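Biologist: I should be grateful for a close look at a single part of this structure. Please choose one strand, describe its partners, and then set it in its wider surroundings.

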Amino acid sequence: DTDATGNDRVYDFASGGIIDIGSFELQQDATFEGCPVTNEDKILFVKKGESGTGANWADALGELRDALALFEDETCTTEDVEEIWVTGGTYLPTDDSGDREATFLMPGVDIYGGFEGDETNKNQRDVESNVSILSGEINDDSNLSGNSYHVVTSMDESSGFLSDFTITGGNANASTDPHDRGGGLFASNGGISMLNVLFENNFAETAGGGAWVIETESRIGAQHPAFVRTAFRNNESGAIGGGLALRDAESRITSVTFENNRAGLWGGGLNTHASDAVLKNVMFIDNSADSEGGGLFIEISSPELINVLITGNDAEYGGGLANAVQATPELKNVTISGNQTTSGNGGGIYNRDESAPTLLNSIVSGNTAGGSGTGNEVWNSSNSTAELNYSLYGNGTGDIVDGDGVTTNNSITSAP
């Protein structure tokens, strides 16, 4: 058959040419250079095990790393592509088992997981049945040894969304920066936002077993990294921030759970340093730190905590929350209960070095300072204070150590 101009209807049939839709056949090789995305929705498609170009589900790329490579070599740009759709399956950043620096580098577009491979709308996904996993397990030995230093990396201010993925198996176990922090996510001045993401079983030698976020440049008006409906579970750091570590970062953390994370020093679930983050609807459950802040450790920061639960956490000092070095967090509708120290002070809250938390409509009760520790509920160093407004707090023997003062306004010591 021929087209309207007399050219063969299938151009270069031997090389896999296809029939165009229209009167005129495209006179071009079947394999040609250029971004494969031609759909008006600007979507690139990835389906595990396929070997196409990414133009649609029937011609999908087989690996997420192949899609990201199109941006790295500038075959595609953010003008060509706005979204990447990824089916369920486990994806590795490289097929080289020795390339520990390999990572999924966010390209500035939104990446969505959880597809079956035939959807025409994101709302059609069944993300529970089609779990998309980004794994650092590049050497296939079923342990962290030899895994990628960072599973995901965000270095671009407009890194985009990463939605509906599990991030696991990152092992930032080097002795120097950057490969000693951010096992699951390493974000340096990157504007990435996480939505419905699970960080699980990642490790960092120094900071941020699950994720490390640092903002070192002026970020006025910039997109700050955000975590929404996300969970940090079973991550570990040798020093700070078993789940998440923030440095000079104003991240927004909303509807997030920190559970069973561990830090060798400070902040089992979360560590903030010079970071005025905002936490809303967050839970810290069963996290631990060998030194301070089983649930979270706040240093030189003034974060805002709203509707937060801190329970079941433990540390040597500050089982639930530890504040240090002029930390001035504001806690609103926060419950701190059921936390403990192993042997030190401040079962619920531990304040040192001119720290001064303020609590409103909150509960600090049922915590325990273990061993020879004091201050079951609140412990202040001689130069630190705490203010409780319209709150419920334990005030039995050994519950409160005033330090430089514990101020209570319209607060009660037993349930009404």
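Modeller: In this predicted model, the bridge partner of Ile-133 in strand β8 is Thr-166. Ile-133 brings us to strand β6, residues 132–135, which pairs with β8 in the parallel sense over three bridges. Thr-166 also stands opposite Leu-198 in β11. Strand β11 covers residues 193–200 and runs parallel to β8, to which it is joined by seven bridges. A further parallel pairing, over two bridges, links β8 with strand β5, residues 110–115. Here Tyr-112 has Ser-163 of β8 as its bridge partner.

How many of the eight residues of β8 are buried? Seven of them are, and the strand, residues 161–168, is thus mostly covered. As a general principle, side chains in a regular strand alternate between the two faces of the sheet.

The surroundings of β8 can be followed through the nonpolar core. The largest such core holds 63 residues. Leu-162, Val-152, Leu-64, Ile-84, Ile-111, Phe-227 and Leu-244 are the members that touch the most others. Helix α1, residues 64–72, supplies the largest share of this core, namely five residues. In soluble globular proteins, nonpolar side chains tend to be buried together.

Val-152 deserves separate attention. Apart from its neighbours within four places in sequence, Val-152 is in contact with Leu-162 and Ile-167, and also with Leu-134. Its other contacts are Thr-103, Phe-104, Met-106, Gly-184, Leu-185, Phe-186 and Ile-192.

Other strands form sheets as well. One open sheet is built from 11 strands with parallel pairing, in the order β4-β7-β10-β13-β17-β21-β24-β27-β30-β34-β37. Its edges are β4 (104–105) and β37 (400–401); each has a single partner strand, so one side of each is left without a neighbour in the sheet. Within this order, β24 (residues 296–299) and β27 (residues 321–324) pair in the parallel sense over four bridges. Phe-297 has Ala-322 in β27 as its bridge partner.

Another open sheet has eight strands, again with parallel pairing, ordered β9-β12-β16-β20-β23-β26-β29-β33. The edge strands β9 (171–172) and β33 (368–369) each pair on one side only. Three bridges join β23, residues 288–292, to β26, residues 314–317, and these two strands run parallel. In this pair, Ala-289 stands opposite Ala-315 in β26.

Between helix α1 and strand β2 (83–87) there is a loop, and Thr-77 lies in it. Is Thr-77 buried, exposed or partly exposed? Its relative accessible area is 35%. A residue counts as buried under 20% and as exposed over 50%, so a value in between is called partly exposed. Thr-77 is therefore partly exposed. The C-alpha atom of Thr-77 is separated by 8.9 Å from that of Gly-108, although the two residues are 31 residues apart along the chain.

Finally, there is the second largest pocket, with about 170 Å³ of space. Its lining includes Asn-39, Asp-41, Trp-57, Trp-85 and Glu-119. Also among the lining residues are Ile-43, Phe-45, Ala-55, Asn-56, Asp-118 and Thr-120. By class, the lining of this pocket comprises five nonpolar, three polar and three charged residues.

Notes. Residues are numbered from 1 along each chain as its sequence is written. This is a predicted model: local features need pLDDT of at least 70, side-chain atom pairs count only at pLDDT 80 or more; totals for chains, interfaces and linings use all residues. Side-chain values use heavy atoms; hydrogens and water are left out. Buried means under 20% relative accessible area, exposed over 50%, partly exposed in between (1.4 Å probe, protein chains only). Two strands pair if DSSP finds at least two bridges between them. A nonpolar core is a set of buried Ala, Val, Leu, Ile, Met, Phe, Trp, Tyr and Cys residues joined through side-chain atoms within 4.5 Å. Contact means heavy atoms within 4.5 Å. On a 1 Å grid over the protein atoms alone, a cavity is a set of points where a 1.4 Å probe fits but cannot get out, and a pocket is an open set with protein on both sides within 12 Å along at least five of seven lines; lining residues have an atom within 4 Å of a point. Grid points are joined across faces, edges and corners, and a volume is the space filled by probe spheres set on the points. Ala, Val, Leu, Ile, Met, Phe, Trp, Tyr, Cys and Pro count as nonpolar, Asp, Glu, Lys and Arg as charged, and the others, Gly among them, as polar.
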